[in-house]
Amino acid sequence: MSDAVSVPQTLTEQPADKPSRAGSFALPAGFGFSAVIVLLVITPLLAVLSYIGSPTDGLWSHLVETRLGEYLSNSLILLVGVSSLTLVFGTGCAWLVTMYQFPGRTWLEWLLVLPLAMPTYVLAYTYTDFLQFTGPMQTLLRGLTGWGWQEYWFPNIRSPGGAAFVLAAALYPYVYVAARAAFLAQSVCALEVSRTLGCTQRSMFWRVGLPLARPAIVAGTLFVLMESLADFGAVSYFEVNTFTTGIYRTWYAYGNPAAAAQLASVLLLFVYSLLLLERWSEGQRRFNQTSSRYRPMPRFALSKHWARAATGFCLLPLTAGFILPATILGSMVWHAQDVLSLSRLAQLTINTTLLGLITCAIILTIGLIAVYSMRRDQHPLGRVLMRLALLGYATPGVVIAVGLLIVLGAVDRGLNYALSQTVGGWQPGLILSGTLVAVVYGCSVRFFAVAYSPLEAGFKKIRPNVEDAARTLGAKPPRIFRAIHLPLLKGSLLSAALLVFLDVMKELPATMILRPFNFDTLAVEAYQLATTERLDGAAGPALIIVLAGLLPVIMLCRQLARSRPGSGHDESE
Amino acid sequence: MTAALAFVDIAHRFGELQALQQVSFQIAAGDILCLLGPSGCGKTTALRIAAGLERPHHGLVQINGRTVSGNDGFVVPEARGVGLLFQDYALFPHLTVERNVLFGLKGLPAAEQRSRTRYWLQRVGLWDRQKAYPHMLSGGEQQRVALARALAPQPAVLLLDEPFSNLDSQLRYQVREDVLRTIKDMDTGTAALMVTHDPEEALYMGDQIALMDKGRIIQTGTANDLYCQPLNPLVATFFGSVNRFSSDVQAGHVATPMGALPAGHLTDGTEVDVLVRTEGIGLAAQEGNDPAPNAIISTIRRLGQISRIDLQTLPETGFDCSLTVHVLGPTAYQVGDHVKLILDSNLAFVFPVQVSGDSQSD
């Protein structure tokens with residue numbers, strides 16, 4: 001027998017009578033940890049919901065009489081407008097770039113996701129600047145026609161329709177990406193068979209392509225709708241009153257937490273219904289490709305006329321969502337008279353980076369531990385809880401902020417009371433509310449899912465056999481983590497960090513409501529300047545946000561370029 | 001001599017599912033035991049228990065006489081000194097071939113690590129690919145790296161989980177031979193436990209074969225034991241096709257179309273199943289009336305090395321059944337020929353008809 005097997009001659013590690021998995025009511029570690037995370041995430045949500053039955057001193061009935069109808073009708077206009085625009089352009093562009101060959105296709109294929117770098121409120125500022133009476137558009141129009149003030153009608157961007165346009169321009173890439181992925185995933189064989197069964201190129205879209213991709217497109221659209229309902233920056237700048245602005249106003253202008261929380265509950269009802277629909281629709285994605293053969297998609301050539309039309313169609317949303325606003329933004333910065341000083345910009349950038357880094361560190365640590373314990377213990381209840389913890393991402397920032405204010409306010413009051421009882425009447429006032437802790441907590445709740453999903457996906461790619469092999473080769477769990485998991489997860493960790501950082505950077509309502517006094521971020525400053533009609537000043541911070549936001553979008557572009565299953569490269573260009 | 005690996009009365013369950021019951025076996029140093037069975041029979045669970053990746057609910061696991069799982073405690077996989085070879089190889093995708101092999105050698109002097117890595121990579125013929133990453137290798141090469149990685153730390157026991165099932169058939173024979181020779185050539189006395197669902201593979205590789213079904217070991221023995229002395233119908237049918245008759249014991253014998261078989265210790269009147277391997281029936285041409293024919297040939301098919309002949313028994317035998325016979329090479333018989341059946345009683349087995357799942361036989 002070998003003497004080189006370096007095995008310690010001890011029996012240790014675990015008590016003998018503990019069964020490894022089933023047959024015990026003791027909850028494994030992964031369960032306990034996810035329970036804590038869930039508790040932290042849903043506390044603000046529960047705080048909001050806890051006000052459902054509370055009296056509001058008549059404000060609620062006042063709201064119902066005066067405002068609720070407006071909120072509902074505006075939200076409805078947004079939902080209908082945004083969904084139809086994103087469906088048409090998101091799905092249409094995806095089909096064109098996957099199925100047809102036309103000038104600019106290779107570029108458009110990934111350029112079409114660029115609007116993801118544009119926060120809706122930045123779009124709102126730039127379009128307002130562009131389309132207002134003194135803006136270049138109307139000035140040009142007057143110059144051409146000689147019309148004067150009030151002698152012509154011009155569409156008002158600061159209207160529900162305008163808000164729907166801006167949201168659709170910023171959010172259509174979600175539908176585009178989902179639809180494109182679904183179109184790419186379908187087997188060429190299915191499409192070719194449909195041709196032999198008498199489908200024309202065009203009817204193929206309606207009879208095969210669209211039905212197969214429908215669940216993905218529906219899920220993408222529902223996600224866009226959730227984002228639209230959650231939007232605060234654009235609608236509040238346009239003074240289009242929706243639930244989010246209503247909650248903000250009720251909290252600050254009326255100082256009525258109960259009514260704000262009740263409005264928030266109504267909003268949650270809508271958002272979570274959309275979320276449920278989205279989950280359900282994802283679950284419907286049951287068609288498996290029966291053919292596992294993938295060949296590069298043969299793209300149909302288009303006649304010159306149609307090819308131009310295709311290029312034009314794809315350019316429309318890209319122009320509306322990125323090219324035009326980016327140009328306007330650049331020119332605003334270039335021509336600005338009322339610019340922020342460099343030191344102010346630096347201060348804002350530092351604040352934003354600080355907030356982003358702290359949140360990143362916290363979310364990634366928690367996310368990593370959560371994924372790790374989930375994988376190790378695989379407790380079904382833990383999984384369900386984890387799904388709950390991901391709710392934060394679906395919850396509008398305003399609602400999280402209001403919920404946190406309620407919770408932290410209560411904690412502060414409790415601490416003050418306790419301290420006044422013990423430390424001789426000392427009442428320190430606000431302890432957690434209005435501190436960095438509050439903002440970081442809010443952002444962490446909102447963006448936990450952003451980090452958790454790539455981490456989970458990254459972990460899923462590591463086969464359990466690899467861990468088992470490492471263990472039988474003598475590696476203890478810390479070494480496995482260091483030598484196997486971390487290197488294999490590097491990519492996922494990096495992209496998770498980048499996504500969280502940029503989401504925190506763009507986040508407006510939660511940061512604005514929860515931030516400490518005088519702690520301004522780029523997004524907050526841009527919003528404040530814009531709402532006080534200093535669009536020139538807002539352009540600087542907005543541009544920084546957009547430029548930073550381009551990073552992950554470019555990363556996404558590269559992924560998209562490689563995402564065709566079965567073919568590393570697309571040679572058919 | 002203590003066994004390299006011993007299971008003593010192991011039982012394990014997942015929730016309600018009883019995955020293993022009363023599983024006991026021993027593997028001597030240098031030997032290979034194949035756990036053979038259909039999927040879901042618990043063989044992979046047994047392997048994971050040996051590795052320490054599952055903790056059994058009951059029973060002892062001993063490696064070289066040392067209890068690694070039992071009432072006194074549990075030794076974690078990293079401290080057991082077992083090597084594991086997976087169906088999907090489970091190479092570390094981010095490490096080179098060389099560093100994959102080095103992974104298990106941590107704690108040894110650096111020079112020793114290098115020389116062992118070199119030795120093993122040369123042994124499996126992949127020293128020149130040491131800087132390659134796993135995805136740059138073919139399936140067979142990956143399997144050899146995995147073998148080198150598992151054996152480099154000189155484990156007391158090598159565990160193989162369906163190690164050849166991802167390889168195409170040509171390569172499989174080659175790799176199987178390589179692995180067998182490598183294990184047998186080791187001077188460290190490494191024992192191997194291999195899990196497979198392929199009877200041929202088990203017969204080829206195993207010094208001992210343990211046939212499993214529904215979490216239990218049904219029979220353990222050499223390839224010859226299991227083929228020629230199966231303990232129950234399941235074992236008999238697992239290793240090849242059989243003809244099956246129903247009959248009963250009369251005067252210590254069981255009647256078949258080919259003549260009577262001794263019934264062993266079975267009492268008269270016992271209902272029995274008779275299983276006769278398809279190569280356990282010989283054919284003799286009929287000349288005149290001697291010997292008396294007892295079957296007529298209904299179809300003949302050439303299957304390469306063997307011929308398959310289907311027959312129908314004649315009424316005179318008292319049986320009305322069809323039989324299948326395998327004969328080596330081509331056959332001179334033709335459809336419609338009357339033939340005499342000759343029984344090889346070594347390849348015919350009598351089992352009492354089982355009412356419940358439990359087996360008492362022979």
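**Exercise 1.** In this predicted model, find which residues A:I247 is in contact with, leaving aside its neighbours within four places in sequence.

*Solution.* Begin at A:I247 and set aside the residues up to four places away, after which the contacts that remain are A:A260, A:L263, A:A264 and A:L267, together with A:V398, A:V399 and A:V402. Next, place A:I247 in its wider surroundings: in the largest nonpolar core, which has 152 residues, A:I247 is among the residues that touch the most other members, and so are A:A264 and A:V402. Helix α6 of chain A, which covers residues 160–185, gives the most to this core, with 17 residues. Finally, another core of 107 residues lies apart from it, and its members include B:L85, B:M205, B:M258 and B:V325.

**Exercise 2.** Decide whether A:F313 is buried, partly exposed or exposed.

*Solution.* First locate A:F313, which lies in helix α12 of chain A, a helix that spans residues 304–335. Then take the number of other C-beta atoms within 10 Å, which is 16 for A:F313. Because a buried residue needs 20 or more and an exposed one has 12 or fewer, A:F313 is partly exposed. Beyond four places in sequence, A:F313 touches A:G92, A:C93 and A:L96.

**Exercise 3.** Describe chain B by its helices and strands, its box and its buried share.

*Solution.* Start with the elements, which are eight helices and 21 strands. Along the principal axes, the C-alpha atoms of chain B fill a box of roughly 80 × 45 × 35 Å. Lastly, of the 362 residues in chain B, 43% are buried.

Notes. Residues numbered from 1 in each chain as written. Chains lettered and ligands numbered in written order. Predicted model: local features only at pLDDT ≥ 70, side-chain atom pairs only at ≥ 80, totals over all residues. Core = buried A, V, L, I, M, F, W, Y, C linked by C-beta atoms within 7 Å. Helix = DSSP H or I, 4+ residues; strand = E, 2+ residues; numbered from the N terminus. Contact = placed C-beta atoms within 7 Å.
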